[in-house]
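Please examine the sequence and the three-dimensional structure shown below. The paragraphs that follow lead through the arrangement of the chain, one part at a time.

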Amino acid sequence: MQVFDIFDCDKSGTIDKKEIVQMIIATSVLTGNSWEARDAECLAKQIMASCDIRRIGKITKTEFVNGYLGSSLSCILDRLVHSSCKNVSKYCQVLVPDYD
């Protein structure tokens with residue numbers, strides 16, 4: 001299963017901020033680094049800003065592949081870490097264990 005399909009919880013063919021928040025919280029719980037909803041929402045907002053090219057509040061599979069997976073992951077993670085979101089560097093380390 002592809003990453004996009006996992007994020008697309010309602011199988012609508014698009015990912016919205018709510019689905020991203022759900023995945024951030026779920027993956028953080030699985031790794032023992034539970035996040036508060038407000039921190040997950042902050043990170044989701046940053047991901048949406050990076051991927052939602054049309055600015056409609058939803059990310060298509062193409063936007064996701066081009067904006068998130070198509071970009072250098074370390075570049076995106078660096079952008080997220082330097083945002084105002086709390087605990088982003090911990091989450092980046094979950095996504096990429098060697099991330100520093």
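Helices α2 and α3 cross in a right-handed sense. This is a statement about a predicted model. Two packed helices are described by the angle between their axes and by the distance between those axes. For helix α2, which covers residues 17-30, and helix α3, which covers residues 37-51, the axes come within 8 Å and the crossing angle is roughly 125°. Because angles from 65 to 115 degrees count as roughly perpendicular and those over 145 as roughly antiparallel, with the remaining range called oblique, α2 is oblique to α3.

Which residues make the contact between the two helices? From α2 come Lys17, Ile20, Val21, Ile24 and Ile25. From α3 come Ala37, Ala40, Glu41, Leu43, Ala44, Lys45, Ile47 and Met48. Sorted by character, the residues of this contact comprise ten nonpolar and three charged, with no polar ones.

One participant deserves a separate look. Lysine 17 belongs to helix α2. Is lysine 17 buried or exposed? Its relative accessibility is 33%; because partly exposed residues lie between the limits of 20% and 50%, lysine 17 counts as partly exposed. Leaving aside residues up to four places away in sequence, lysine 17 touches Glu41, Ala44, Lys45, Met48 and Gly57. Glutamate 41 is 24 residues from lysine 17 in sequence, and their C-alpha atoms are 7.6 Å apart in space.

A second residue to consider is isoleucine 56, found in the loop between α3 and β2, the latter being residues 58-60. Isoleucine 56 has a relative accessible area of 49% and is therefore partly exposed, since only values over 50% count as exposed. Along the chain, isoleucine 56 and aspartate 16 are 40 residues apart, while 9.3 Å separates their C-alpha atoms.

The wider setting can now be described. The chain contains six helices and two strands, and their order along the sequence is α-β-α-α-β-α-α-α. Of the 100 residues in the chain, 35% are buried. Among contacts with a separation of 6 or more, 47% join residues 24 or more positions apart.

Finally, the confidence of the prediction should be kept in view. The average pLDDT of the chain is 75, and 65% of the residues score at least 70. Among the elements, strand β1, residues 14-16, has the highest mean pLDDT, 94. The lowest mean, 57, belongs to helix α5, residues 73-81.

Methods. Residues numbered from 1 in each chain as written. Predicted model: local features only at pLDDT ≥ 70, side-chain atom pairs only at ≥ 80, totals over all residues. Heavy atoms only, no water. pLDDT = per-residue confidence, 0-100. Helix = DSSP H or I, 4+ residues; strand = E, 2+ residues; numbered from the N terminus. Axes fitted to C-alpha atoms, helices over the stretch in contact; angles between N-to-C directions. Parallel < 35°, antiparallel > 145°, perpendicular 65-115°, else oblique. Left-handed = near helix turned anticlockwise from the far one by under 90°. Contact = heavy atoms within 4.5 Å. Nonpolar A, V, L, I, M, F, W, Y, C, P; charged D, E, K, R; others polar. Buried < 20%, exposed > 50% of the residue type's maximum accessible area, 1.4 Å probe, protein only.
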